[in-house]
Amino acid sequence: MDSRYLEWGKAIDKTALLLLPPEGIVARCLFGEARGETLDDKQRVGCVIRNRVHWHLKGAGREGWGRVVLKPYQFSWTMDSDPNLPKVLNPLKYELEGVWDVCCRVAEAIVSGASADTTQGSDHYYDSSMDKRPPPWVADAGMVSTVRSERFRFFRSARVKEWV
């Protein structure tokens, strides 16, 4: 495994998340949100993060990645009550190195821009387990359904025209 990935995967406390490089915080977010999902779904979740950074924090530079990921109520694993938070804070303790390696590789491609947007500009998504009771933001007249996978439903805010 790449030594950077080992560094990004070291056990930390929640306050240290903002100190990670963009690739490290994105890898942790992918680990918390999609570690057991397909490579395509990891890629799509990464695209949502990147789209939020580019749209919502234009000009924020590299620190924008951490601000987007850690903004309250954006990603469930960031909440203190979420059972995934301890796993994200110490990913190599909870999963095989290969799972972490894939999250890191996808994160690098997302942050560098090497991977195409496979979500049609989505900046929101939810887990398909919520299909019977979707999150309230789905009913917003400004949300456009974009991509569906077996596990996730993706949406774009209507105000995000430049991603179309």
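**Histidine 124 and its surroundings in the overall fold**

H124 counts as buried because its relative accessibility is 16%, under the 20% cut-off that defines the class. This value, like all those that follow, comes from a predicted model. A good place to begin is strand β1, which covers residues 124-127 and contains H124. The side chain of H124 forms a polar contact of 3.1 Å with the side chain of D123. Once neighbours within four places in sequence are set aside, the contacts of H124 are V48, R52, W137, M143, R153, F154, F155 and S157. Several of these partners can be placed on named elements: V48 and R52 fall within α3 (39-56), M143 falls within β2 (143-148), and R153, F154 and F155 fall within β3 (152-157). S157 also belongs to the 152-157 span of β3.

S157 leads on to a second site, G142. This glycine is located in the loop between β1 and β2. Along the chain, G142 and S157 are 15 residues apart, and their C-alpha atoms are separated by 5.6 Å. S157 is also one of the contacts of G142, together with R156 and A158, when neighbours within four places in sequence are left out. S157 is thus a partner shared by H124 and G142.

With that corner in view, the fold as a whole can be described. The protein chain has seven helices and three strands, and their order along the sequence is α-α-α-α-α-α-α-β-β-β. How does the radius of gyration of the protein chain agree with that of a compact globule? For 164 residues such a globule would have a radius near 15 Å, and the protein chain has 15 Å, so the two agree. The C-alpha trace spans about 45 × 35 × 25 Å along its principal axes. Of the 164 residues, 49% are buried. Of the contacts between residues at least 6 apart in sequence, 68% join residues at least 24 apart. The exposed surface of the protein chain comes to about 8,400 Å², of which carbon and sulfur atoms supply 53%.

The interior is best approached through the largest nonpolar core, which has 35 residues. Those with the most contacts inside this core are V26, I49, W65, W77 and W100. At least two core residues come from each of α1 (3-8), α2 (22-34), α3 (39-56), α4 (64-70), α5 (85-89), α7 (97-112) and β3 (152-157). By these ranges, V26 falls within α2, I49 within α3, W65 within α4 and W100 within α7. The surroundings of W100 show how these parts of the chain meet. Apart from neighbours within four places in sequence, W100 is in contact with M1, Y5, W8, G9, G24, A27, R28, F31, P91 and L92. Among them, Y5 and W8 fall within α1, while G24, A27, R28 and F31 fall within α2.

Helix α7, with its range of 97-112, also includes C103 and C104. Are these cysteines buried or exposed? C103 counts as buried because its relative accessibility is 0%, and C104 counts as buried because its value is also 0%. Why is there no bond between them? The sulfur of C103 has its closest cysteine sulfur in C104, at 6.9 Å, and this is too far for a bond, given that a disulfide needs sulfur atoms within 2.5 Å. Across the whole structure, the search finds zero disulfides.

The loops hold some further points of interest. Most residues other than glycine have a negative phi. Y73, although not a glycine, has a positive phi of about 70 degrees. This tyrosine is in the loop between α4 and α5, and it counts as exposed because its relative accessibility is 71%. Q120 also has a positive phi, near 60 degrees, and it too is a residue other than glycine. Q120 lies in the loop between α7 and β1; with a relative accessible area of 48%, Q120 is partly exposed.

A final loop residue, A11, is found between α1 and α2. A11 counts as exposed because its relative accessibility is 53%. The C-alpha atoms of A11 and V88 are 8.7 Å apart in space, although the two residues are 77 apart in sequence. Not counting residues up to four places away in sequence, A11 touches L89 and N90. V88 and L89 both fall within the 85-89 span of α5.

Methods
Residues numbered from 1 in each chain as written. Predicted model: local features only at pLDDT ≥ 70, side-chain atom pairs only at ≥ 80, totals over all residues. Heavy atoms only, no water. Core = buried A, V, L, I, M, F, W, Y, C linked by side-chain atoms within 4.5 Å. Buried < 20%, exposed > 50% of the residue type's maximum accessible area, 1.4 Å probe, protein only. Helix = DSSP H or I, 4+ residues; strand = E, 2+ residues; numbered from the N terminus. Contact = heavy atoms within 4.5 Å. Rg over C-alpha atoms; globule rule 2.2 N^0.38 Å. Areas by Shrake-Rupley, 256 points an atom, 1.4 Å probe, with all protein chains shown as cover. Polar contact = N/O pair within 3.5 Å; in protein donor to acceptor, adjacent residues only side chain to side chain.
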